[in-house]
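Please look over the sequence and the model shown below. The questions that follow work through the helices, the sheets and the contact of the chains in turn.

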Number of protein chains: 2
Amino acid sequence: MSSSPGSGSPAAPARLGATTSAVRQHNLATLLERLHRRGPASRSELGAGTGISRSTVADLVQELVARGLASEEGNAARSGPGRPSPVVSVRPEGAVVLAAELGVDSITVAAVGLGGTLLGEAQEDVGRARRTPEATLGQVARALRSLAEQVAHGTVAGVGVAVPGLVRRSDGFVHLAPNLGWRDVAVGALLADQMGQPTTPVLVANEADLGALGEHRRGAGQGHDNLVFVSGGVGIGAGLILGGRPMLGSAGYAGEAGHMLVNPSGRPCSCGKVGCWETEAGEATLLGGAGGTIDPAAARWIGVGVGNLVNLLNPDVVVLGGCYGPIFDQLVPHVTQGVASRALGQSRAVAQIVPSALGPAAQLHGAAELCLAETLANPTVRRRG
Amino acid sequence: MSSSPGSGSPAAPARLGATTSAVRQHNLATLLERLHRRGPASRSELGAGTGISRSTVADLVQELVARGLASEEGNAARSGPGRPSPVVSVRPEGAVVLAAELGVDSITVAAVGLGGTLLGEAQEDVGRARRTPEATLGQVARALRSLAEQVAHGTVAGVGVAVPGLVRRSDGFVHLAPNLGWRDVAVGALLADQMGQPTTPVLVANEADLGALGEHRRGAGQGHDNLVFVSGGVGIGAGLILGGRPMLGSAGYAGEAGHMLVNPSGRPCSCGKVGCWETEAGEATLLGGAGGTIDPAAARWIGVGVGNLVNLLNPDVVVLGGCYGPIFDQLVPHVTQGVASRALGQSRAVAQIVPSALGPAAQLHGAAELCLAETLANPTVRRRG
DNA sequence: GAGAAATTGTTTGGGACCAGAACAAATTGG
DNA sequence: CCAATTTGTTCTGGTCCCAAACAATTTCTC
């Protein structure tokens with residue numbers, strides 16, 4: 001089972017009005033999120049950056065420290081006169097979440113603390129032989145529990161899972177994950193069962209969506225409010241951050257760009273159509289040739305698809321991730337050419353195309369951010385004991 | 001000239017922290033927006049709907065009334081025992097905005113009050129002969145000023161303009177409006193000049209974006225948080241409401257879907273490419289045949305494009321507007337077929353395809369909503385005198 | 001038709017929270 | 001060593017909302 005992320009209280013009876021204590025929560029969240037995203041800051045910097053008065057900043061920081069979410073140590077190195085201001089940092093152990101990524105032949109798990117600190121990581125093969133989802137998720141749960149014991153004495157604020165497939169966000173139900181050979185698997189519920197901690201939320205999301213979130217918060221998309229993450233692999237997925245927020249669509253299926261038509265006279269796709277983006281520009285076609293060279297035509301098709309997305313969404317930045325990241329330099333001339341053939345001048349001028357900065361870790365960081373979001377938005381609620 | 005919409009204070013020095021008076025503003029805005037969107041409600045309904053206590057609701061409503069934004073009249077018809085609760089309504093004259101739509105051979109202007117009340121409307125031909133942008137905008141300004149005199153004694157809270165072209169939101173600069181024959185026209189600045197009221201904000205936006213906003217707030221998209229508005233005409237434009245908010249992209253160019261590739265073996269487009277959506281499914285192709293019949297192939301291409309958007313954005317609802325609205329019934333079988341050929345099952349199941357409910361008025365209502373947004377978000381600020 | 005029950009407006013008291021002023025502390029520069 | 005500067009700390013005041021108590025008004029029941 002899984003609770004809904006970011007949307008406030010899941011089953012609250014509509015509380016639109018604000019109270020004075022909501023101000024407190026908002027201000028605590030503002031400070032904590034700032035520390036989480038931008039790293040340590042002096043108290044005076046926090047005040048200047050948020051417009052909160054000195055006395056209140058002191059009080060808020062004191063509360064964050066009391067709750068174990070932050071720590072105050074030493075003084076900021078400053079130039080110029082004046083009393084030094086203590087440096088406030090997030091306390092990574094204050095909130096620890098687990099992240100998992102289900103790959104085609106391996107699973108990666110990580111424990112991440114507040115501030116995005118990687119506290120532990122492990123990778124396991126799942127073997128070529130296709131096993132049941134239950135067996136695979138059992139393996140994931142064991143790996144996660146082991147990690148949780150090591151780094152957080154078993155107490156975690158949430159579990160986030162990246163799945164290469166169509167995921168319903170509300171309950172973590174995976175309709176289809178072709179590369180895993182899964183169809184209609186209740187990943188959220190199954191994993192929650194196997195974890196054996198009913199109160200710990202398990203959030204399941206699409207791999208590209210989490211890649212987008214990871215790159216936006218800790219990678220190549222920092223500071224950009226409109227980001228498209230293109231995850232190359234067997235298929236192609238897109239993750240969207242629009243207006244500074246993850247854009248999931250109505251059910252969480254947004255970003256399914258792989259079957260966008262790009263090549264008029266293309267090859268047949270497994271979906272039954274012809275000329276789908278992922279058929280023309282997916283890993284198999286792009287790297288199918290011998291000798292580790294890329295197919296320039298396939299690279300151009302990447303660009304054509306990106307051009308469509310640029311027209312439609314007018315992003316600041318397009319991050320190429322997955323299998324595209326490591327070979328970005330080889331891709332970029334052809335991709336640029338493809339984009340130019342599709343995208344209108346104005347939107348094209350705005351969008352810069354960059355490689356993934358986090359590589360395979362993007363999804364893990366995204367999964368962590370997803371789980372941490374709730375703690376960040378409401379530092380008052382005590383998670384686990 | 002134009003102030004940035006929706007994004008809070010344009011040039012404020014970053015005020016992230018909240019104060020107790022922000023609570024007041026938020027609660028006033030919550031009530032006013034509820035009345036604006038859903039119409040009159042009793043005080044007790046307002047309390048129940050927002051979670052605000054009786055005493056506070058009374059106080060807030062009193063303030064709204066004092067500011068001329070709402071009125072309390074009579075009692076709610078209720079069944080059951082209990083003291084009757086007075087009905088609170090928005091006062092349309094409390095905030096009046098002007099809306100304008102620049103069509104190919106006519107301009108439409110309207111005055112809209114709080115609650116979406118149409119207070120006045122006018123339409124003028126601009127003549128076939130292409131005139132200069134300055135002349136056309138002069139005509140628009142005269143029509144708007146005349147309307148303002150009639151309905152609001154010249155005092156309006158804002159002016160919103162719908163333009164069929166690529167508009168930079170920040171300053172209302174129109175890069176390109178092919179159907180008007182305009183290129184690089186500073187519509188926002190020019191119109192603000194001609195209006196002669198420097199303090200009145202002039203907001204310029206793409207026609208499809210405003211259509212989406214109009215349908216979302218007062219038309220076929222009410223209650224849907226993920227909406228795509230497809231505006232059929234000489235070109236095709238899309239307006240996006242995602243996560244309940246207008247999605248503009250980085251500069252405001254989002255939704256430029258007309259040059260998305262849909263037809264592999266299509267005809268050449270004026271943009272130089274081949275098989276663009278608007279070439280295959282635009283007004284000219286769709287209705288080009290004699291006798292007022294539609295071209296079924298063109299209608300299917302509408303569906304293919306919609307299918308792409310459905311895959312990518314996973315909307316609740318796709319609204320067909322512009323020239324598609326009136327002939328929706330004829331279109332729908334072919335469109336559905338086209339969608340089915342492109343969209344994945346899960347996303348397709350979520351998205352319902354409906355006709356525009358407001359017709360040509362969608363853009364005007366959208367323009368009005370755009371201008372009213374600021375008043376709704378901050379009822380405390382007094383606009384004009 | 002009178003009284004009970006139910007619902008909501010009104011008034012009052014209190015608590016949570018933040019800002020600003022006044023003062024104290026700590027550092028830099030002359 | 002002293003002035004200037006910056007920031008932490010303490011205290012007071014003001015805003016705003018909620019809860020409780022009471023009053024008002026309607027419906028329902030006998």
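**Helices, sheets and the contact of two chains**

Q: Which hand does the crossing of helix 1 of chain B and helix 2 of chain B have?
A: In this predicted model, helix 1 (residues 20–38) of chain B packs against helix 2 (residues 43–50) of chain B with the axes 11 Å apart and at an angle of about 115°. The crossing of helix 1 of chain B and helix 2 of chain B is right-handed.

Q: Which residues in helix 2 of chain B are met by Thr30(B), Leu31(B) and Arg34(B) in helix 1 of chain B?
A: The residues of this contact between helix 1 of chain B and helix 2 of chain B divide into two nonpolar, three polar and one charged. Across from Thr30(B), Leu31(B) and Arg34(B) of helix 1 of chain B, the residues met in helix 2 of chain B are Leu46(B), Gly49(B) and Thr50(B).

Q: At roughly what angle do the axes of helix 1 of chain A and helix 2 of chain A cross?
A: In chain A, helix 1 passes helix 2 in a right-handed crossing, and the contact is made by Thr30(A), Leu31(A) and Arg34(A) of helix 1 together with Leu46(A), Gly49(A) and Thr50(A) of helix 2. The axes of helix 1 of chain A and helix 2 of chain A come within 11 Å, and the angle at which they cross is roughly 115°.

Q: What relation do chain A and chain B have, given a turn of 180° and a shift of 0.0 Å along the axis?
A: Chain A can be laid on chain B with an RMSD of 0.0 Å, by a turn of 180° and a shift of 0.0 Å along the axis. Such a turn with such a shift is therefore the relation of a two-fold axis.

Q: Which residue of chain A has the C-alpha nearest the axis?
A: The axis in question is the one about which a turn of 180° lays chain A on chain B. In chain A, the C-alpha nearest this axis lies 1.9 Å from it and is that of Pro264(A).

Q: Which element of chain A gives the most residues to the side that touches chain B?
A: The contact takes 49 residues from chain A and 49 residues from chain B, and 100% of the interface residues of chain A are also interface residues in chain B, so the copies meet through the same surface. On the side of chain A that touches chain B, the elements that give two or more residues are helix 1, helix 2, helix 9 (296–313) and helix 11 (345–350) of chain A. The residues of that side divide into 22 nonpolar, 23 polar and four charged. With six residues, the element that gives the most is helix 1 of chain A.

Q: Which strands stand at the edges of the open sheet of five strands in chain A?
A: This open sheet has the order 6-5-4-7-11 in chain A, with mixed pairing. Two of its strands have a single partner strand each, so one side of each is left without a neighbour in the sheet; these are strand 6 (117–125) and strand 11 (202–206) of chain A.

Q: What is the bridge partner of Val96(A) in strand 5 of chain A?
A: Strand 4 (residues 96–102) and strand 5 (residues 106–113) of chain A pair in the antiparallel sense over seven bridges. In strand 5 of chain A, the bridge partner of Val96(A) is Gly113(A).

Q: At about what angle does helix 12 of chain A run to strand 7 of chain A?
A: Helix 4 (residues 133–152) of chain A packs on the sheet, touching strand 4, strand 5, strand 6 and strand 7 (158–163) of chain A, and its direction makes about 30° with that of strand 5 of chain A. Helix 12 (residues 361–377) of chain A lies across strand 4, strand 5, strand 7 and strand 11 of chain A, and the angle at which helix 12 runs to strand 7 of chain A is about 140°.

Q: Which residue in strand 10 of chain A does Ala177(A) stand opposite?
A: An open sheet of three strands in chain A has the order 8-9-10, with antiparallel pairing. Within this sheet, three bridges join strand 9 (residues 173–177) of chain A to strand 10 of chain A. In strand 10 of chain A, the residue that Ala177(A) stands opposite is Trp182(A).

Q: Over which residues of chain A does pLDDT stay under 50?
A: The mean pLDDT of chain A is 91, and 95% of its residues reach 70 or more. The stretch of chain A over which pLDDT stays under 50, for which the model has 21 contacts beyond four places in sequence, is residues 1–12.

Definitions and conventions. Residues numbered from 1 in each chain as written. Chains lettered and ligands numbered in written order. Predicted model: local features only at pLDDT ≥ 70, side-chain atom pairs only at ≥ 80, totals over all residues. Pairing = 2+ DSSP bridges. Helix = DSSP H or I, 4+ residues; strand = E, 2+ residues; numbered from the N terminus. Least-squares fit on C-alpha atoms with pLDDT ≥ 70 in both. Contact = placed C-beta atoms within 7 Å. Axes fitted to C-alpha atoms, helices over the stretch in contact; angles between N-to-C directions. Left-handed = near helix turned anticlockwise from the far one by under 90°. Nonpolar A, V, L, I, M, F, W, Y, C, P; charged D, E, K, R; others polar. pLDDT = per-residue confidence, 0-100.
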